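Reader: Hi! I've just opened this one and could use a friendly guide. Can you bring it up so we can go through it together?

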Amino acid sequence: MSRDEPIGARLWAVTVWATVGFFILNLFAVIASVVVNSFGTRWFNTWLPAGFTTRWYVAAWGEFQLDQVLIVTLEVVTAVVALSALFGVPAAYALARRDFPGKRLVMLLFLLPLLVPPITFGIPLATVLYRIGLAGSLYGVIVANLVPTVPFVILVMIPFVEQIDPRIEAAARVFGAGTWRLFMTVLVPLLAPGILAALLLVLVRTIAMFELTFFTSGPTSQTLVVALYYAVSAAGIRSGQSIDAMAVIYMATTLIWLLVALRFVNPTQIVGRGRTG
Amino acid sequence: MSDAYAASERVPLRLRLSRRGIDGVTLLIVPSVLFVLALFIYPFLYGLALSFAPKEGGWLANYQKFFADPFYYDTIWKTLRLAVPVTIINVLLSIPIALRVRLMRHQRVLTTILVLPITLGTVLVADGLLTYLGPRGWLNRLVLDSGFSESPVHLVHNYWGVVLALVVSIFPFTFLLTLSSLTGIDPSLEGAASTLGATPRARFRYIVLPLLAPGLAINFCLSFVQAFSVFPSAVLLGDPAGTTRVISIAAYTAAFEQYDYSLASAIAMIMGLTQLAIVAGLLSSRGLFYRGSAAAAKG
């Protein structure tokens, strides 16, 4: 096909690939400059810093109380992943298997928190959470983060449930299994790949979820991404290198889970809001 | 059999529901529905009501304040000035690239790379761009060393910093959506047109584009809504007191710096309505597009 392409088409192809290359080159340069800066000693008017050191990591660990921040992040992520599975998987099962009046309305209800950007619903949500005294605590952060993740799990899981032959469930019912037993011994094992995929995506999204955590967290309930935001926005006070050291720790946390997730899901599912999944 | 019976007895909820004749399976959606109603729908209604109960003045005082004071209503214009060009650039760029990538065999490597900025999130992208585009960053090193300019190019703490941040973090999203709508178009339709002698340009103009248009409209809306809700990069990379004082900053300041939740709710409602108006406007023009199947007639 490419052999008999006219020159114009080839030129066009080269332009397109050059644009892609340019984008990726800059993207890598952005990431690399954070990493290089975090290991650099003094960096003025040269391509690379004068020397390399790891002391910024020690400094960042102390300055930003990263041990506490990492524990909070772990607690929030674990709770959000577990609770979204607990809420989302049964709901996805019911939506995949049953037709009932108002089903389209319910689907719309679950689609809305994914379509409305967190910054728009985050402010009214934070207002309500402050009124009932939940905001500022770990629980407030967890509850706020669940708002988009529960619908996300539901919409990702529906196609996985639909793939399972209903006759398997019918057989289990014939042998006397109730809904609970059916879930635990038949559905959960069969749905395991889907649940794993959905939960890994929730995990990656929760680590990176800035707005909702930012609006609802107090001084002791900041996750890594919020702590990073505060550090960058007060950049005059802290040294740029220790901020970037924290950024590298954040990147490492996110990318490890991204790599794990990519073993089980297609990259496009990370942007998917159910429709592309 | 007997332990299955015992298992179902351990779950009184199921028994109670089955006695009432309601299918237990359907009820599994109830917790999630209640959750979304309580934490998504209720806060929205609460915010709407709160926005009509200002700290001082009549019930419309917040909205009057917003639309009378350029300090507030300018934020809509400033947000649009960022979001509209960025979305147009992203959507237009994504089409030719997706057309090429569609034919690629190892798409996964590219999509994995492109998913990076989405996964890392806007805060990290903003921090990285601050270092990279800053006066001592690699980009300005290149500009100075190549003799392109005598002095560093100013790309941070202004409008352009935010534009670049939005392109880096939203382009991958736009692109992956365009790619997935393109993959939904049966390649044999183009093949048929090609057999009938259509040039690549004609095939794009008369086959691909009409089939792609509805997907592009939705893609444009989703990308626009993301760009319109820009927040961290407008603060960190932009000029949050001036050219990039976007509407989310106004809402945030009202809520968390002035503690005027009523005004903040009003701004959040205006933000939501502006997004809705633009999305509704775009989607209503969808009636102009072809709506049939993008797959070939025979499977």
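Reader: Let me start with two helices: how are α4(A) and α6(A) oriented to each other?

Author: Good place to start, and keep in mind that this is a predicted model. The axes of helix α4 (residues 103-115) of chain A and helix α6 (residues 138-163) of chain A cross at roughly 125°. An angle of that size is neither over 145 nor in the 65 to 115 range, so α4(A) and α6(A) are oblique to each other.

Reader: Within what distance do the axes of those two come?

Author: The axes of helix α4 and helix α6 of chain A come within 8 Å. As for handedness, α4(A) passes α6(A) in a left-handed crossing.

Reader: Which residues make the contact there?

Author: From α4(A), the contact uses A:Phe110, A:Pro113 and A:Leu114. From α6(A) come A:Val147, A:Pro148, A:Pro151, A:Phe152, A:Ile154 and A:Leu155. Sorted by class, that contact has nine nonpolar residues, with no polar and no charged ones.

Reader: Nice. Zooming out, how is chain A divided?

Author: Chain A has domain 1 (7-53) and domain 2 (56-271). Their C-alpha centres lie 32 Å apart.

Reader: And how many residues are in contact between those domains?

Author: Six residues of domain 1 of chain A are in contact with seven residues of domain 2 of chain A. On the domain 1 side, the residues are two nonpolar and four polar, with no charged ones.

Reader: Switching topic: how many residues does each chain bring to the contact between A and B?

Author: Chain A contributes 77 residues to that contact, and chain B contributes 78 residues. On the chain A side, helix α1 (residues 7-39) gives the most, with 14 residues. By class, the chain A side holds 58 nonpolar, 14 polar and five charged residues.

Reader: What about chain B itself, what secondary structure does it have?

Author: Chain B has 13 helices and zero strands. Reading along the sequence therefore gives α-α-α-α-α-α-α-α-α-α-α-α-α, where helices are numbered from the N terminus.

Reader: Last ones: how much of chain B counts as buried, and what share of its contacts is between residues 24 or more positions apart?

Author: Of its 299 residues, 41% count as buried in chain B. Among the contacts in chain B with a separation of 6 or more, 74% are between residues 24 or more positions apart.

Reader: Thanks, that helps me find my way around!

Terms used
Residues numbered from 1 in each chain as written. Chains lettered and ligands numbered in written order. Predicted model: local features only at pLDDT ≥ 70, side-chain atom pairs only at ≥ 80, totals over all residues. Contact = placed C-beta atoms within 7 Å. Helix = DSSP H or I, 4+ residues; strand = E, 2+ residues; numbered from the N terminus. Nonpolar A, V, L, I, M, F, W, Y, C, P; charged D, E, K, R; others polar. Domains from an automatic or database assignment. Buried ≥ 20, exposed ≤ 12 C-beta atoms within 10 Å, placed from the backbone. Axes fitted to C-alpha atoms, helices over the stretch in contact; angles between N-to-C directions. Parallel < 35°, antiparallel > 145°, perpendicular 65-115°, else oblique. Left-handed = near helix turned anticlockwise from the far one by under 90°.
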